[in-house]
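Let's take a walk through this model together, moving from single residues out to the wider picture. Have the structure open and follow along at your own pace.

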Amino acid sequence: MTKKKILLVDDETQLVELIKMRLTREDYDVLTAYDGEEALQKARHGNPDLIILDIMLPKMDGYMICSLLKRDRRFYKIPVILFTARSQEEDIKLGKKVGADAYITKPYEAQVLLDKISELLGKG
Amino acid sequence: MKDYEKKPEQLISELQAAKARIDDLQKVLSAVAFGGAAGGMSPVIRRYQRAQEALRDSEESYRALVETLPDAVVMTDLEGNVMMANVQAAAMHGADSSEELLGKNILELVAPRPKERGLDDIEKACRSGILRGLEYEWVTKTGSSLIVEASICALHGVDLKPRALMVVARDITEARRTDSALRESEERFRILTESSLAGVYIASQGRFNYVNPAFAQIFGYEQKELIHKMGPLDLVYPDDRPLMERQLALRAAGPSDAAHYLVRGVRKNGQIIYWEILSRLIDYKDTKALVGTSLDVTERKKAEELKDEFVITVSHELRAPLAIIKEGISLLTEGILGKVGRKQQHVLIIARDNINRLARTIDNLLDISRIEAGRTNLKKTRVDMAVLARACAAAFRTRLREKGVRLSVKCPPGAVVIYVDSDRINQVFTNLLDNALKFTDKGRIQIELADSRGSITCRVRDTGYGILKSDLGRIFDKFQQANQPKAGSAKGTGLGLSIIKGIIEAHGGKISVESRLGKGSCFSFILPKYSSKEVMREYLAGGLKDAMRKGVNLSLLLLSLDIRAGRHLKMMEEVIARHVRRDDDAFFRDGADFFVVMKGQGRRDAALLSTRLAQALRAYCLRYKLRSRGVLAGCAVFPDDGQHYADLINKAKSL
């Protein structure tokens, strides 16, 4: 069975490093991106099965990226988890509006993130 | 005046006049006597008789006129001695009758001006025939004085020489007093507005009639550059112009309550400021004008915005590294990066717990900062407090069992319904239970609910350690920790109680605590009950404010039934809920009246929803075989039907 591929996007390189360690341990293939442009590029050409997307990104914020992907017939099926330190109600509402499948606030419980990932991948 | 009192000249002139009349009569009589044949004499006699009647009529009219005039009328001789006075003159003098004035010299009634002035005026009147607009001080019998405006007219005899004077005088004392009172009041207004720190302006037809120095200063102009030359629309920031135009139009057309709104303004030097306006419609010099108070609130707004940004940025900046640290430690404790010894594990767990504590503190800080700024958007719904309290209690059961502490919930029978933000009130109960559990080792915790007419009281009692008397006063302050936390238990953030105090107070309630050291504590809070009508009004008022700002419509629907059964009305709420799905729509029930507030919707959409809802309700009545004469529907739209929530409610009710 092919491993599921997760695209992990965050401008905090250290966080990406740690999460990648964990996801690899859980037997996922991990693609990484550190800014909006890179994220879009890898989303469109990398064939990820799921995207973990930080919101505060340089060059283009997570909402925009999520919105673009969800409106693209080729990619809208890919589950997107919005991942951020912003936890205001308006932020969560906006997340829903752009079509995110889940919203996780930092700092997070690792298990919660993993459970959400398997839940969203199970569906696909 | 008796003949012996009259002066010789007067008597002579009277005799002369009398003689002249006799001569005339003689002529007439001789005409009659020598008339002779029939027809020749009677016309003369008839003419004479007619003349006499005419004279009597005009004398009668004259008398009536003089007596009914509200002014004082006095006839004097050329020296000013009173020959005749009307009732008003007597009254003005304070005399009991006109006779009292006869013989008095009018110049003596006019004081303290020197008599010369009076004589002068008489002379002038004799020369020019009539003198008007004179002002005198009239002294009454009792010595008090009035201010009168008078006219003097010279009366001429048959020889065309002045023989008497007619003086007409009007009491203008009251008018003078009102005038000066008015002037004083205008003066006070002027002093008040000129020295006011707030900007004040009066504007009509798009131009400033008046601005005070503070207003001019707010915008960096001179007063004279603004008055009559510019108007409020010239100072508003172009993007906000439509909002101000709407406000001005509404003020001009509608009732005269105050409009309170915020726009941006542009100063003379181009600088943009935040302009807070409170304006009212007034009557000003026979026309309608707007009087407005203005404040430059730029600094306040900037400070608010900065604080908001700061809090959000800081919390983001604190959380991001926290996430990294937490992830790192989790990786270690879970053994993903290799085996970890017991001691190492222990230390890592301590680190992780404190990260969680830090995360909670940041969340709480954000929370309290919003609550204190009045920026929590409470989402009020009908909540059964009994159900809420029990649900909260249930969440604690496991921990309670572990500790061996009993928990009971005491509620009055039936539902205890109140309009509150259920998430927030949940937060309150959770926090109080958390604290109670932390400080209670044995015994019990009890939640009590009491339902009184205007409010609901909730108490959380415990048999724990209690709180030091010296701590009681500060307990709801930020970052206060009780002085005797149980060793080994997780430390709180110190913000919990201040947050719940903020929540309770944001609902218009109060929270308090009683405690006995060693015996236990009791936290009580009271929440006022708002009727669904009040909640709707609050929602409607808020919606109208938004609609005004955005320049959009707002519709209010009313569906009224003649059903009494509470059970059915409650179920109908669910029927309505199924059709009112838009985020920006909300419904409220007041007895058998269902109100729906539709933000951003106009009459057409409102009518569509109204039809659908009416149908749904009728279908319900049919299904449950309820006797009803049908559903009455009404609709009111902002701004067409009014701009105040009361106007819209009334219009909707007028079905």
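Thr193(B) is buried in this predicted model. Its relative accessible area is 6%, and because the cut-off for a buried residue is under 20%, Thr193(B) falls on the buried side. To find Thr193(B), look in helix α6 of chain B, which covers residues 173–195. Which residues does Thr193(B) contact, leaving aside its neighbours within four places in sequence? They are Val200(B), Tyr210(B), Asn212(B) and Pro213(B). With Tyr210(B) there is also a polar contact from side chain to side chain, at 3.0 Å. If you would like a distance to check on your screen, the C-alpha atoms of Thr193(B) and Ala214(B) are 8.8 Å apart, with their positions 21 residues apart in sequence.

Now let's move over to chain A. Along the sequence, its elements run β-α-β-α-β-α-β-α-β-α, which comes to five helices and five strands. Of the 124 residues in chain A, 51% are buried. If you take the contacts in chain A with a separation of 6 or more, 61% of them join residues 24 or more positions apart.

A good residue to stop at here is Lys106(A), in the loop between β5 (102–105) and α5 (110–123) of chain A. Is this lysine, Lys106(A), buried or exposed? Its relative accessibility is 4%, so Lys106(A) counts as buried. The side chain of Lys106(A) makes a polar contact with that of Asp10(A), at 2.9 Å. Beyond its neighbours within four places in sequence, Lys106(A) touches residues of chain A including Leu15(A), Asp54(A), Thr84(A) and Ala85(A). Another of these contacts is Phe83(A), which is 23 residues away in sequence and 7.0 Å away in space, C-alpha to C-alpha. Lys106(A) also reaches across to chain B, where it is in contact with Arg319(B) and Ala323(B).

That brings us to the interface. The contact takes 20 residues from chain A and 21 residues from chain B, and the area buried between the two chains is about 2000 Å², with 60% of it from carbon and sulfur atoms. There are three salt bridges between chain B and chain A. You can look at the one that joins Arg22(A) to Glu334(B), where the closest N and O atoms are 2.9 Å apart. Five residue pairs across this interface are in polar contact, both residues being at pLDDT 80 or more. On the chain B side, the elements that give two or more residues are α11 (298–333) and α12 (342–372). Of these, α11(B) gives the most, with 12 residues. By class, this side of chain B has 10 nonpolar, five polar and six charged residues.

Let's finish in the interior. In soluble globular proteins, nonpolar side chains tend to be buried together. Here, the largest nonpolar core has 44 residues, and Met385(B), Phe429(B), Ile445(B) and Phe525(B) have the most contacts inside it. Helix α13 of chain B, residues 385–403, gives the most to this core, with eight residues. A second, separate core has 41 residues, among them Tyr221(B), Met536(B), Leu544(B) and Ala586(B). Back in the largest core, Phe525(B) is a handy place to centre your view. Setting aside its neighbours within four places in sequence, Phe525(B) is in contact with residues including Met385(B), Phe429(B), Leu432(B), Ile456(B) and Ile504(B). The contacts of Phe525(B) also include Thr457(B) and Lys510(B).

Key
Residues are numbered from 1 along each chain as its sequence is written. Chains are lettered from A and ligands numbered from 1 in the order in which they are written. This is a predicted model: local features need pLDDT of at least 70, side-chain atom pairs count only at pLDDT 80 or more; totals for chains, interfaces and linings use all residues. Side-chain values use heavy atoms; hydrogens and water are left out. A nonpolar core is a set of buried Ala, Val, Leu, Ile, Met, Phe, Trp, Tyr and Cys residues joined through side-chain atoms within 4.5 Å. Buried means under 20% relative accessible area, exposed over 50%, partly exposed in between (1.4 Å probe, protein chains only). Helices (H or I, at least four residues) and strands (E, at least two) are DSSP runs, numbered from the N terminus. Contact means heavy atoms within 4.5 Å. Buried area is the accessible area (1.4 Å probe) that two parts lose on being put together, summed over both. A salt bridge is a side-chain nitrogen of Lys or Arg within 4 Å of a carboxyl oxygen of Asp or Glu. A polar contact is a pair of N or O atoms within 3.5 Å; within protein, one must be able to donate a hydrogen and the other to accept it, and residues adjacent in sequence count only if both atoms are side-chain atoms. Ala, Val, Leu, Ile, Met, Phe, Trp, Tyr, Cys and Pro count as nonpolar, Asp, Glu, Lys and Arg as charged, and the others, Gly among them, as polar.
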